[in-house]
Amino acid sequence: MVDLASVGVLGGVFLVVMALGAPIAIAVGTAATATLLLGGSPLPVVTTISQRVATALDSFSLLAIPLFILSGQLMNRGGAARRLLEFGKALVGALPGGLVLVNIVGCLLFGAISGSAVATAAAIGGFMIPLMEEEGYGRDYGTAVNITASTTGLLIPPSNILIVYSLASGGVSIAALFLAGYLPGLLVGACVASAAVVLARIRGLEVARIPWNTGATLRSGIAALPSLLLVVVVMGGIIGGVFTATEAAGVAVVYALLLSLLVYREISVRELPAILVEASATTGVVLILVGASMALSWVMAFENIPQGVAELMLSLAAGPIAVLLVMNVVLLAVGTFMDMTPAVLIFTPIFLPVAIEMGVDPVHFGVIMVLNLCVGLCTPPVGTVLFVGCGVGETTLSRVLPSLLPLYAAMLVALVLVMSLPELSLWLPRTFGFLP
Amino acid sequence: MRGLRERVDRLLERVLATLMALMVINVCWQVVTRFILRQPSSFTEEAARFLLIWVGLLGASYALGQRMHLAIDVLARWKPSWRPGLRITSLAVTATFALLVLGVGGARLVLLTLELGQTSAALGWSLGYVYLALPLSGLLMTFYALSELSEPAQ
């Protein structure tokens, strides 16, 4: 039986500490500790929470996260973003949609080498938003397109959040999840692109096209090729069963290092310590959230909260579609104020058993959950990508919001499609033999 | 306080860069031993996991000093006059959590583990020393939160 007092303390402490403006990881950890303190003496409680934080981090799969963060930072500083964008510009600039498409394709390509939406928003936005303003799109419109398109990097592998989901779900194959993310990621890109082009037409923005130039396309393609080869090495290695995701991430670091030091020559050996420190600090931000969220998730299991929610949802005796819909509405609401990592770690143990009961494949559910929470990353009051995007675009939330609203709708359309068409997520992993 | 904080920052940067580099070397060594030497090294996986605990916790402490953690300032933006009070309260909560949960709880975990003499499977390392990252990061986070408190708000 679920004790309502502990649910109240858990939710209340979390919301109050977060509203104070403390780090979200601290709010999660404090909520876990306070809930356990209701029924236990202080010293064992703090020891248990500490132990949960440490054991959560003691995982070989999680090790892929700092390595992908590091390779992403090496690629970013090493000049990969600019080359990928040049290639994107030459490739799709001539199509209807012009720079809008270039921005989105840039995000898709960069997402494929970085695995982080924040990094994508910063790297691609930094180049594209000024360019789009120059071409008469307006800073706010360009920022809105960049923010929503950046989230595709979380679905297109390698994706750190899918690794986190694999951990939270108790070991769903990372390779299967990575493959499952491709088509939904492309779908989000396509939906955002369509909405953005329609929006530009309605507002009478001149959709400038860049004339097709075969020579330029080939040249930029060759310059971008070494960056794109990273994707082939990492994903080819994982799909071919040559290495695990963590080993692939290690190989990605070495590849990115050699590429930016020796081929592109945009960073020097002297800059490496600073890059390592920056990557470890970013890692710390993610991992303390993972540790605290796993502790909270453990406390919730201890209080029988997942079972309570499952019983409640199954007792509604509604069909799978209705239950999935309810979960998605809850996740959309959670996503507006909670960051993605704690949301995945806290809600997967609660929702996944119900989803499996309803016949939803765990891989499919992971993709739905990540795509759903991507919307939350772009919405106030807590939207990491939204804030970084507005910062890079040097504009404010209230100015971007009118352009963002139709793009939110496009993301929701993609969510409904991904939810109702399981094959979109499951076809690729099945084809490569990662799912029966 | 400021001079001390600078020194702690520099020291942590050195430690973090070293641990991160070791982690990369470790994982790559695992790939090499598996493919080239055809004999998977049993200790690299365990060493890499322990390095991850240290990088994660020390990196989080350093990130606190750099104000890199995700936080929301909705309340402070809504009521600007509350900002100083919110700042002091949130830093106090952070320091308390770091000191009591990671610091005291972590220290007790280290002592209990050492007492039980638990060692890791492959390397035979004492797990108590692996968990030492917990109280250490607790102390560092408390230090950063307090040093932030002692500085005037920006």
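**Exercise 1. A bridge between chains**

Task: The side chains of Asp58(A) and Arg49(B) meet in a salt bridge, 2.6 Å from N to O. Work out where Asp58(A) and Arg49(B) lie, and what the pair joins.

Solution. A quick word before we start: this is a predicted model.

Step 1. Find the two partners. Asp58(A) sits in the loop between H3 and H4 of chain A, while Arg49(B) belongs to helix H2 (residues 42-65) of chain B, so this pair joins two chains.

Step 2. Check the distance against the cut-off. A salt bridge needs the nitrogen within 4 Å of the carboxyl oxygen, and the closest N and O atoms here are 2.6 Å apart.

Step 3. Look at how open the acid is. Asp58(A) has 26% relative accessibility, so it counts as partly exposed.

As background, side chains of opposite charge can pair when their charged atoms come close.

**Exercise 2. The other Arg–Glu meeting across the chains**

Task: Take the salt bridge between Arg34(B) and Glu247(A). Which helices hold Arg34(B) and Glu247(A)?

Solution.

Step 1. Start with the distance: the side chains meet at 2.8 Å, N to O.

Step 2. Place the residues. Arg34(B) is part of helix H1 (residues 2-35) of chain B and Glu247(A) is part of helix H13 of chain A, so this pair joins two chains as well.

Step 3. Are the partners buried or exposed? Buried means under 20% relative accessible area. Glu247(A), with 1%, is buried. Arg34(B), with 28%, is partly exposed.

Step 4. Now put this into the bigger count. Between chain A and chain B there are two salt bridges, and a search of the whole structure finds 16 over all chains.

**Exercise 3. The interface as a whole**

Task: Describe the contact between chain A and chain B, going from its extent to its make-up.

Solution.

Step 1. Count the residues. On one side, 57 residues of chain A touch 53 residues of chain B.

Step 2. Get the area. About 4700 Å² is buried between chain A and chain B, and carbon and sulfur atoms give 80% of that. In chain A, the residues that lose the most area to chain B are Leu20(A), Phe60(A) and Glu247(A), together 12% of what that side buries.

Step 3. Look for polar links. Seven residue pairs are in polar contact across the interface, both residues being at pLDDT 80 or more.

Step 4. See which elements take part. Those giving two or more residues to chain A's side include helix H1 (4-20), helix H13 (245-263), helix H14 (272-302) and helix H19 (384-392) of chain A. H14(A) gives the largest share, 13 residues.

Step 5. Sort the residues by type. Chain A's side has 38 nonpolar, 16 polar and three charged residues.

**Exercise 4. A look at H19(A)**

Task: Which residues of H19(A) are buried, and what covers them?

Solution.

Step 1. The buried ones are Thr384(A), Val385(A), Leu386(A), Gly389(A) and Cys390(A).

Step 2. Their cover includes helix H7 (117-134), helix H8 (139-150), helix H18 (362-377) and helix H20 (397-420) of chain A.

Step 3. Step past the end of the helix: just after H19(A), Glu394(A) takes a positive phi of about 50°.

**Exercise 5. A bridge in chain A, a network in chain B**

Task: How far apart are the closest N and O atoms of Glu423(A) and Arg430(A)?

Solution.

Step 1. The salt bridge puts them 2.7 Å apart.

Step 2. Check accessibility. Glu423(A) is partly exposed at 41%, and Arg430(A) is partly exposed at 34%.

Step 3. For a network, turn to chain B: salt bridges that share partners join Arg5(B), Arg67(B), Glu148(B) and Glu151(B) into one.

Notes: Residues are numbered from 1 along each chain as its sequence is written. Chains are lettered from A and ligands numbered from 1 in the order in which they are written. This is a predicted model: local features need pLDDT of at least 70, side-chain atom pairs count only at pLDDT 80 or more; totals for chains, interfaces and linings use all residues. Side-chain values use heavy atoms; hydrogens and water are left out. Contact means heavy atoms within 4.5 Å. Buried area is the accessible area (1.4 Å probe) that two parts lose on being put together, summed over both. A polar contact is a pair of N or O atoms within 3.5 Å; within protein, one must be able to donate a hydrogen and the other to accept it, and residues adjacent in sequence count only if both atoms are side-chain atoms. Helices (H or I, at least four residues) and strands (E, at least two) are DSSP runs, numbered from the N terminus. Ala, Val, Leu, Ile, Met, Phe, Trp, Tyr, Cys and Pro count as nonpolar, Asp, Glu, Lys and Arg as charged, and the others, Gly among them, as polar. Buried means under 20% relative accessible area, exposed over 50%, partly exposed in between (1.4 Å probe, protein chains only).
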